[in-house]
Amino acid sequence: MASLRFLGATGTVTGSKYVLTHKNSNIMVDCGLFQGLKELRLRNWSPLKVNVNDLDAIVLTHAHIDHTGYLPRMIKQGYNKPVFCTEPTRDLLEIMLLDSAHLQEEDAKYANKKGISKHSPAMPLYSTEDAKKAIALLKGIPYDTPFRPTSELIMTFQDAGHILGSAFVIGRWQEESGEERKIVFSGDLGRSKRPILKDPSTVINADYLLVESTYGNRLHEQGDPKEELSRIINDTINRKGVVVIPSFAVGRTQELLYTLRELENAGKIPVLPVYVDSPMAIKATKLYSKHTDIYDKEAKALKEQGIDVLLTRRTEFTESVDASKRINASDQPCIIISASGMMTGGRILHHLMRRLPSPKNTIVFVGYQAEGTRGRALQSGNEKIKIHGEQVRSAAAIETISDFSAHADYNEILNWLGKFEKAPRRTFIVHGEPESSINLKKLIDEKFGWITHIPVYEEVVELN
Ligand SMILES: [Zn+2]
């Protein structure tokens, strides 16, 4: 008999971590960092409820830090066994874990400078060295190819359509009776009919299912995001302004580039300089260009015609700080895509200082803006925001296009679940704020009548 321990993504969308135990095997699926509220972030520092040395392997659904960012902390605690993921996830993590370690080190430095830590000196959660050791443990496995993290378990990655390399993790084992059991971890469930990536793959059965519920109580807007983007760009160009798009470096930036290229080709927007101004986004774009084998049909067909789907006619990747600063000097209409997506740091800040005070310009939000971030403040109509200690006046147009989300909404989740040919023995609803998980549970109960459960932090469930 197997058991499952929930060490994160319970009542929250961050900190994804589950431990599957069968006989002598202990596998951690996802190894995410807690983010957001302080009460959650403190969990990154508290002792883990499993002995790191008892784990045989870690298996990752995808590269996002809320599913992987605790990995270097595991190394710090002595973990040195394999970490399985898809090949694109491995490539993405080579840049993302180093970036995460850098941020941890910067946080500690800042705390020491300001004297705001209880500890003296304040230490980072993990270091660049830890991240490098974590990267050395990554083992890339192709989709749909079974592998054995231990002799007692067989696992497979199936495309989840969420970001480059994202996967459902599927595990199988044999019970004492000889019967086979199957568990499916949804990770983050992507959406159908999105550019570049394939649609989420179909799953038709599972004995045990973990399903995410980020948008368990929301539906994406039905409007056409492409039309909206072209309207916003044309309005701004008519005012001779600049379009600034704060964007997540991995996934969202590439989808934007793809969409801008389409709009340009269709003559819906003029050919403008498009600056990709984020070192991480530039590296991630290179990886999207490398792993064309996992593109969807449309993107693949374009690729075969020799078209780079992630390039507009005048895309410029501004790698160096000097090149980034030169964008500030320009008064010509252009599009600037920069990170971080919620304006909590990164190069986007100097673009805001330069562009926010003029009514000619537009700031376009294409991703979720969490409470407490500059992005949320601007969205809420704040007339000033603080950047680098200075109050910056907001006179630019502020727009939001919500349909660029990479998460399935509740209808899309229900559609995906609707492909199951019979009810799982148990379905666990995870990775959502409480109201989202509760709503999704209600919807699944009503529509399918399955046995569902919303686990709490550190709960252990016997899979019998
Ligand atoms: Zn994700």
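# Notebook: two sheets and a buried threonine

I started at strands β8 and β9 (residues 167-174), which pair in the antiparallel sense over six bridges. Before going on, a note to self: this is a predicted model, and everything below is read off that prediction.

**Entry 1: around β8.** I looked up one bridge pair at this pairing: aspartate 159 has alanine 167 in β9 as its bridge partner. Then I checked the other neighbour of β8. Strand β7 (residues 147-150) runs antiparallel to β8, and two bridges join them. I found phenylalanine 147 opposite methionine 155 in β8. The link from β7 to β8 is a hairpin through two residues.

Which side chains of β8 (residues 153-159) are buried, and which are not? I went along the strand and saw them alternate. Leu153, Met155, Phe157 and Asp159 point to one face and are buried. Ile154, Thr156 and Gln158 point to the other face and are not buried. I noted that Asp159 sits in the buried set, and that Asp159 is also the residue bridged to alanine 167. As background, side chains in a regular strand alternate between the two faces of the sheet.

**Entry 2: the mixed sheet.** Next I wanted the whole sheet that β8 belongs to. I got an open sheet of seven strands, in the order β7-β8-β9-β10-β11-β20-β21, with mixed pairing. Its edge strands are β7 and β21 (452-453), each pairing on one side only.

I went to the β21 end for a closer look. Strand β20 (residues 426-430) and β21 run parallel and are joined by two bridges. There, threonine 427 has threonine 452 in β21 as its bridge partner. Helix α14 (residues 434-448) lies across β20 and β21 and runs at about 150° to β20.

**Entry 3: the parallel sheet.** I then turned to another open sheet, with six strands in the order β14-β13-β15-β12-β16-β19 and parallel pairing. Here the edge strands are β14 (315-317) and β19 (397-400), and each pairs on one side only. I read off an average twist of 20° from one strand to the next.

At the β19 edge, I counted four bridges to strand β16 (residues 362-365), the two strands running parallel. Threonine 362 stands opposite alanine 397 in β19. I also looked for a helix over this sheet and found α11 (residues 348-355) lying across β12 (243-246) and β15 (335-338). The angle of α11 to β12 is about 150°.

**Entry 4: α6 against α7.** How do helix α6 (residues 225-238) and helix α7 (residues 252-265) pack? I got an angle of about 70°, with the axes 11 Å apart. Angles of 65 to 115 degrees count as roughly perpendicular, so that is the label for α6 and α7. On the α6 side I listed Lys226, Leu229 and Ser230, which meet Thr259, Glu262 and Leu263 in α7. By class, the contact has two nonpolar, two polar and two charged residues.

**Entry 5: threonine 312.** I picked this one out of the loop between α9 (297-304) and β14. Is threonine 312 buried or exposed? I found 24 C-beta neighbours inside 10 Å; the cut-off for buried is 20 or more, so threonine 312 counts as buried.

I then asked what it touches, setting aside neighbours within four places in sequence: threonine 312 is in contact with Leu257, Leu260, Arg261, Glu264 and Val274. For scale, I took the C-alpha distance from threonine 312 to phenylalanine 147, and it came out at 40 Å. Those two residues are 165 residues apart along the chain.

**Entry 6: domains.** Last, I looked up how the protein is divided: domain 1 (2-218 + 406-463) and domain 2 (225-404). Their C-alpha centres lie 29 Å apart. How many residues are in contact across the two domains? I have 14 from domain 1 against 18 from domain 2. On the domain 1 side, the classes come out as ten nonpolar, one polar and three charged residues.

Definitions and conventions. Residues numbered from 1 in each chain as written. Predicted model: local features only at pLDDT ≥ 70, side-chain atom pairs only at ≥ 80, totals over all residues. Buried ≥ 20, exposed ≤ 12 C-beta atoms within 10 Å, placed from the backbone. Pairing = 2+ DSSP bridges. Domains from an automatic or database assignment. Contact = placed C-beta atoms within 7 Å. Nonpolar A, V, L, I, M, F, W, Y, C, P; charged D, E, K, R; others polar. Axes fitted to C-alpha atoms, helices over the stretch in contact; angles between N-to-C directions. Parallel < 35°, antiparallel > 145°, perpendicular 65-115°, else oblique.
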